[in-house]
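Reader: Could you walk me through how the terms for this model are decided?
Author: Gladly, here it is.
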Amino acid sequence: MENNKEDIGVLFELSAPYSFEGVEYTEINLDLESLTGRDISQAKKEWTALGNFSAVISTDMDFAVFVAARASNLPAEFFYDLPAKDFTKVAQTVTNFLLS
């Protein structure tokens, strides 16, 4: 059985089309279930290398963006210019996953 990454994970529909680096997006595939401990650790290293800190990292929206980046194969920068409604929904989805 062929495993198509596009068919795995949470398909998150954006509230409006979003353009990033010349590509228009209407949805994001967050493949959170395929992440490994190494992925989470690497996201934390990238996040802290920018000088970030949180007492409860799993609830930090910016850290959630770095995890979302790994789960979607998109750069973290992709998420920062999303409309606030979509940004917070993506961050909340990741936070819920991390706390489950």
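The turns below take up one residue, one core and one helix.

Author: This is a predicted model, where local features need pLDDT of at least 70, side-chain atom pairs count only at pLDDT 80 or more, and totals for chains, interfaces and linings use all residues. Residues are numbered from 1 along each chain as its sequence is written, and side-chain values use heavy atoms, with hydrogens and water left out.

Reader: Why is Ser 72 called buried?
Author: Buried means under 20% relative accessible area with a 1.4 Å probe, protein chains only (exposed is over 50%, partly exposed in between). Ser 72 has 12% relative accessibility, so Ser 72 counts as buried.

Reader: What is Ser 72 in contact with, leaving aside its neighbours within four places in sequence?
Author: Contact means heavy atoms within 4.5 Å. On that basis Ser 72 touches Ile 28, Asn 29, Leu 30 and Phe 79.

Reader: What makes up the largest nonpolar core?
Author: A nonpolar core is a set of buried Ala, Val, Leu, Ile, Met, Phe, Trp, Tyr and Cys residues joined through side-chain atoms within 4.5 Å. The largest one has 28 residues, and Ile 28, Phe 78, Phe 79, Leu 82 and Val 90 have the most contacts inside it. Helix α2 gives the largest share, eight residues.

Reader: How do you know that the span of α4 agrees with what is expected?
Author: The expected span is 1.5 Å times one less than the number of residues. For the 16 residues of α4 that is 22 Å, and the end C-alpha atoms are 22 Å apart, so the two agree.

Notes: Helices (H or I, at least four residues) and strands (E, at least two) are DSSP runs, numbered from the N terminus.
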